[in-house]
Amino acid sequence: MYICIGITFINMSRRKKKVEKRKARVIPEYEGKVLMTRDGIAFVRIEGQEEDVYVRAHKTRGALHGDIVRVAVTQERTENAKRRSGEIVAILERSKKPFVGILHIVGRQAWVLMSSKTMPYDIEVPVPKNAARGMKVAAVVDGWERGDNCPRGHVVDILGMPGENETEMHAILAEFGLPYRFEKSVENAADKIPEEITEKDRKGRMDFRRVLTFTIDPTDAKDYDDALSFRPLDNGNYEVGVHIADVTYYVRPDTAVDREAQARGTSVYLVDRTVPMLPEKLSNKLCSLRPHEEKLTFSAVFEITPLARVVNQWFGRTEIVSDYRFDYELAQSIIEGAKPEDVCVDLQEAILTLNKLALKLRKKRFDAGAVNFDRPEMKVDIDEVGRPIGVHQKFSKESNWLIEEFMLLANRSVAEFVATNGKMGGRAASKPKTFVYRVHDLPNLEKLSGLRDFAGHFGYKVGSIENGKDVSKTLNTLMAEAKDKPELAAIQMLALRSMAKACYSTDNIGHYGLAFRFYTHFTSPIRRYPDMMVHRLLAKYLAGGESASLDYYTMQCKHASEREVVAAEAERESIKYKLVEFMQDKVGQEFDGHVSGITEWGIYVEIEPTKIEGMVPFRTLKSDFFIFDEERYRAVGRRTHRSIRLGDPVRIRVKGTSLEQKLLDYELIEEDLEVLAPPAPVLDASVPSRGASAPVCDAPSRKKGQKRGTPGRRDSSSRKKGQK
């Protein structure tokens, strides 16, 4: 009797302690932004935290891509749990960005049917006016009530018929919330800006109109926002002027044009068009430094020795007349020894001398620890209606470096001038004035260790990664040794992933990648709003003004950084679309290529010579069952133990294309597998590991239905590339 009571009392005590322990557990909650996959899985990105929170589809509470939510973290990363996970507890703000899809009308009901990487559900909408079934439209989600089959919203734009170039380019802009036209009020405000330059406009400006001046830009450029002037000095040095369009003289703060430029943040460059930050009258006329036209500029002027040492500098407003408009090809031909008849001797000598100075500046920069990512750019050639007709690699040459080095010189000198309160001694003032810097933090040491291990498997001996300068020297040496090797692209990609992202900030932490203690963006105010902010601040401080509001410019830096990311993503999407379109008529054709990426669900292959990348899913390989070996960045056959590594040469056949999802499917010609690496050590193939070379959110997930009705969520077996 007493024993039973005692045991009961002990059990009750234990239960009470367990309850108290459960009560004591605190589940942290954070505010963040939802990144959603086509399978309905969400990743909540929290500002200031490196790792996102994984949320299963049935725990999203109706949150969608781009929404601001509150998420509870129920599982932190541990040895057993490879990622932290949680559930969304509240939707704080619905995204205002539209989703793009195909309009489907049945009677008086309509849906926007999705085929998106970030939107797994169709949207129910009122039947829009002036739209027909099958058109591509942009729709905004208004809400998703409990019990509804799918979210409800409304159509904000009718884009046109799918497949047409205008429709698809506008669809990309709409998907990222980017405008593709100016409001009439903004254009009218720009049109009212006077074109004539008066004596009042010239007042206080240094006159460079009779100094030899020219521009160097791409052949197809329409806006020329920077020019160089050159004249030899009697003491043997050279005066080099970097002259930038004085946009802020025309665009005054808090005007209609300024507010629009601030909201856009940057120009956007799609494959077939430029979406400018400023109306055409400003970007292509008033502020474009066209030859033989008097222009108002803001300049950085340097006295430079023949050894490229800056001994004096001056900053201020100027007026210029450009004598000649070079494109990069013509300037390069002069550097290589050509003597074009229509280019005067003085201009040719200026190009040659400036090139020698630029090469010395470039060498000094790399000696100081700048990182050299010399990667060719892929250029899509299009015809007059926007169809892709070719793809080629675009390499930087000395004419590109010439302009680059003098723009870098101007940018870092302006930043140093403000940071040091005009002393230019290389040491920031104790109380520097508020300024907009372009900053780049130190690389991630953990990711650098992964790169060292990866390179080691190819036989490279990677040097020290203990401090910033050692890292840059190590990376430059590694990439020089890997030049022209098949693994170079993979090494460059892993090196880039170890790097922090450059951004705008009022906190000057320096620019690691360029090895500059001070750096800003001063040279492109036609296409970047931060440059306009820099011009205004520099003018204010040159006039003896007090420090500007730190809080205001901190907020503006954050906005500008966000707009830059959005623009870059839109540009990449337009390239991907055109590459897939280019490959549509090549289904069934075979190409040589090399392995450019490996994930847990397949390999990515870049084909030659276009470098167009597609995916080969492991499930399509018949010769063996391949497993991703994350530690060694390879895939290993369970039966044959043959390995597939980054950089391996392969031959593929184009299996399919998806324009809607901008995806390419390749299939491996497996007779060539025997040329790959020899059998690898046996792996424990019982549990495939998760890939670190691509985010888990891109992996297709096998989960229970989660279909919320019809049309509702749509199935897709397509795959998305990792972080390439």
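E405 counts as buried in this predicted model, because its relative accessibility is 3% and the cut-off for buried is under 20%. You'll find E405 in helix α10, which covers residues 398-419. Skip its neighbours within four places in sequence, and E405 is in contact with A358, L361, R362 and R365.

**The nonpolar cores**
- Helix α10 turns up again here, since the largest nonpolar core has 83 residues, and α10 gives the largest share of that core, 10 residues.
- If you want the residues with the most contacts inside this core, look for F214, L282, F326 and F406.
- Take L282 as an example: leaving out residues up to four places away in sequence, L282 touches A190, I193, Y250, V251, V257, C287 and S288.
- There's also a second, separate core, made of 48 residues, and F454, V471, I644 and V650 are among them.

**A mostly covered helix**
- Now hop over to helix α13, residues 488-498, where 9 of the 11 residues are buried.
- The buried ones in α13 are L488, A490, I491, Q492, M493, L494, A495, R497 and S498.

**The barrel**
- Time for some strands: 5 of them close into a barrel, and going round you meet β1-β2-β3-β5-β4, with mixed pairing.
- From one strand to the next, the twist averages 50°.
- Strand β1 (residues 29-36) and strand β2 (residues 42-45) run antiparallel, and 4 bridges join them.
- To spot one pairing yourself, find K33 and look across to R45, its bridge partner in β2.

Technical notes
Residues numbered from 1 in each chain as written. Predicted model: local features only at pLDDT ≥ 70, side-chain atom pairs only at ≥ 80, totals over all residues. Heavy atoms only, no water. Pairing = 2+ DSSP bridges. Helix = DSSP H or I, 4+ residues; strand = E, 2+ residues; numbered from the N terminus. Axes fitted to C-alpha atoms, helices over the stretch in contact; angles between N-to-C directions. Buried < 20%, exposed > 50% of the residue type's maximum accessible area, 1.4 Å probe, protein only. Contact = heavy atoms within 4.5 Å. Core = buried A, V, L, I, M, F, W, Y, C linked by side-chain atoms within 4.5 Å.
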